[in-house]
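Please open the structure in your viewer and keep the selection tool at hand. The stops below say what to select and what can be found there.

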Amino acid sequence: MWVNLLVLVLLVAVFWVWQRFSYWKRRNIPYITPSFPQGNLTGVGKKRHMSAILQNCYKQLKSSGQSYGGVYFFINPVALLIDPELIKVVLVKDFPYFHDRNLYSNDRDDPLSHHLVAMEGTKWRNLRAKLTPTFTSGKMKLMFSTVTAVAEQFHKCMAEEIRHSSVVEMKDLLARFTTDVIGSVAFGLECNSLQDPDAEFRVMGRKVFQLSPYRALKLFLAAQFPHIARAFHVTLTLPDVAKFFTGVVNDTIDFRKTNNVQRNDFMTLLMKILKEQEESGSIDDGQKDHLTLDDIAAQAFVFFLAGFETSSTAMSFCLYELALHQDLQDKARQNITEVLKKYDSISYEALHEMKYIDMCINESLRKYPPVTTLTRRVEKDYRVPGADQVLQKGIMVAIPVYALQHDPDHFPNPERFDPERFTPEQSEKRHPFTFLPFGEGPRVCIGLRFGMVQARIGLVYLLKHFRFTLATDKTSVPLKITPSSTILTIDGGLWLNVERL
């Protein structure tokens, strides 16, 4: 009897998997043939980065001439968008059908995972509206002196580093710079990671992004099967990391309340939202969308992680390319020198006149987007414009940013690093939704302005004072990418020869 039951269960399971894997075929949508159990993601996190896998899928599906095609993330069917016009419709025009990212969060067991990036529905919308004022250009101007103060320390730290050795591992050094910037701007704290590479903020930040293949797989599976993950109380934040960041946020709030501290930073805005809720009585009324202390910790946590890692990664790739192309590095340095002739110091206004630096950063973000794939979940059945097809509620939609930005139809000779692609004239010529390093639409990266200001300042200080060439015995050409990393990152670090000017 048990044998018969087991056979029946196996047959049902096989039939169910077959049904899942025939999803796109039954709908007559071009698709990539999957294999069990990983679907089209064979080798992800171990041998291949997600960006390379989806680039391959994109190339195969693009030849079909359709605006999208079907792929499988494990046993889940996913619509891979090909056409920039459809991407525009999904991210902007028909955003209400696609407003959530399909990322895992679990506020019960893992409060720090319940942040703006993963948050859904009306709670996301309300919080986004409350946080947006802290990222306006006016607020960036107020934070500018804080960032340049850290950049001055960064300059001194670099000078000290090359006294010991002219070969410097820049990836970690840039992460220490952005850690100190974010610590100051978000928490009003001196992280001191430039002075001490093992400062606690830096250690914890490093831990979050050091993913073993097992942790990377756990993170991915939780996003693919969130209901099962929540039922099994799956947490993604390491316990010591959660304890550290929750403690820092609570201590900062207590200190500021006790000493009536006011600063132009992210924490002050979060505390203001909390105070307004308390005064309005919304917490006592049990409103579903009110902000809790755990929510505040989660927002500060994600702002810290996104702010230090993506900016330092973008600067690393930009420095790598400028080290390879001395003529472009000289041109960038000349741009800095010419602008500074008009200004006494590196001011907010001066920074915005350094157009070539901007072009270099944008070209780096094109060739090496830190976030290589955007995801959305279909919230209700959606009829695809210009096609007799419906994307069903619950299906995931993936936008292959890396593949789009390496498509020769959009960016000729895509492997070439060419900042001239981002002159106003060249940018006008191409579809705006072929360049999406920060996403687009209502869920565009909220810290876009801050990230760009931080990257600009860091690069300006470096290029003004130092010359960089590649340490070819330690850093390969082309670069190796860490396959298990959630964001695009250099495997083995970025080793450069640094010469003081």
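This tour visits two sheets, a pocket and several single residues of a predicted model.

**Stop 1: the four-stranded sheet**

Select residues 68-73, which are strand 1, and residues 374-377, which are strand 4. Both are edge strands, and each pairs on one side only. Now add the other members of this open sheet: its four strands come in the order 1-2-7-4, with mixed pairing. From one strand to the next, the twist averages 30°.

Next, look at the middle of the sheet. Select residues 76-81 for strand 2 and residues 396-399 for strand 7. In which sense do strand 2 and strand 7 pair? They pair in the parallel sense, over three bridges. One place to zoom in is valine 78, which stands opposite methionine 396 of strand 7.

Then show residues 84-93, which make up helix 4. This helix lies across strands 1, 2, 4 and 7, and its direction is at about 115° to strand 2.

**Stop 2: a residue after helix 4**

Follow the chain into the loop between helix 4 and helix 5, where asparagine 102 has its place. Its phi is near 65°, a positive value in a residue other than glycine. Is asparagine 102 buried or exposed? Its relative accessible area is 12%, so asparagine 102 is buried, the limit for that word being under 20%.

For a second case, select asparagine 260, in the loop between helix 11 (239-259) and helix 12 (266-280). Asparagine 260 also has a positive phi, about 50°, although it is not a glycine. Here the relative accessible area is 60%, and asparagine 260 is exposed.

**Stop 3: the second largest pocket**

Select Glu120, Pro226, His227, Arg230 and Arg377. Of the 32 residues that line the second largest pocket, these are the closest to its centre. The pocket holds about 770 Å³ of space.

Now colour the elements that give two or more residues to the lining: helix 1 (2-21), strand 2, helix 5 (121-131), helix 9 (213-224) and helix 10 (226-231). Which element gives the largest share of the lining? Helix 10 does, with four residues. By residue type, the lining divides into 12 nonpolar, 11 polar and nine charged residues.

**Stop 4: the three-stranded sheet**

Select residues 167-169, which are strand 3. Strand 3 belongs to an open sheet of three strands in the order 3-9-8, and the pairing is antiparallel. Why is one side of strand 3 and of strand 8 left without a neighbour in the sheet? Both strands stand at the edges and each has a single partner strand, so there is no neighbour on the other side. The twist in this sheet averages 40° from one strand to the next.

Between strand 3 and strand 9, which run antiparallel, there are three bridges. Zoom in on glutamate 169, which stands opposite tryptophan 495 in strand 9.

Two helices can now be added to the view. Helix 7 (residues 170-187) packs on the sheet, touching strands 3, 8 and 9, and its direction makes about 55° with that of strand 3. Helix 13 (residues 293-324) lies across strand 8 and strand 9, at about 80° to strand 8.

**Stop 5: the loop between strand 8 and strand 9**

Select the loop that joins strand 8 (466-470) to strand 9 (495-500); threonine 482 lies in it. Threonine 482 is buried, with a relative accessible area of 17%. Beyond its neighbours within four places in sequence, threonine 482 is in contact with His49, Thr489, Ile490 and Asp491.

Proline 478 is found in this loop too. The peptide bond that joins valine 477 and proline 478 is cis, with omega about -5°. For another cis peptide bond, go to phenylalanine 36 and proline 37, where omega is about 5°. Proline 37 lies in the loop between helix 2 (23-26) and helix 3 (50-62).

**Stop 6: leucine 365**

Finish at leucine 365, in helix 16 (residues 355-367). Leucine 365 is buried, with a relative accessible area of 4%. Which residues does leucine 365 touch, not counting those up to four places away in sequence? They are Ala314, Pro370, Gln405, Phe435, Pro437, Phe438 and Met452. As a last step, select threonine 313: it is 52 residues from leucine 365 along the chain, and their C-alpha atoms are separated by 9.5 Å.

Methods
Residues numbered from 1 in each chain as written. Predicted model: local features only at pLDDT ≥ 70, side-chain atom pairs only at ≥ 80, totals over all residues. Heavy atoms only, no water. Pairing = 2+ DSSP bridges. Axes fitted to C-alpha atoms, helices over the stretch in contact; angles between N-to-C directions. Contact = heavy atoms within 4.5 Å. 1 Å grid on protein atoms, 1.4 Å probe; cavity = no way out; pocket = protein on both sides within 12 Å on 5 of 7 lines; lining within 4 Å. Points joined across faces, edges and corners; volume = space filled by probe spheres on them. Nonpolar A, V, L, I, M, F, W, Y, C, P; charged D, E, K, R; others polar. Buried < 20%, exposed > 50% of the residue type's maximum accessible area, 1.4 Å probe, protein only.
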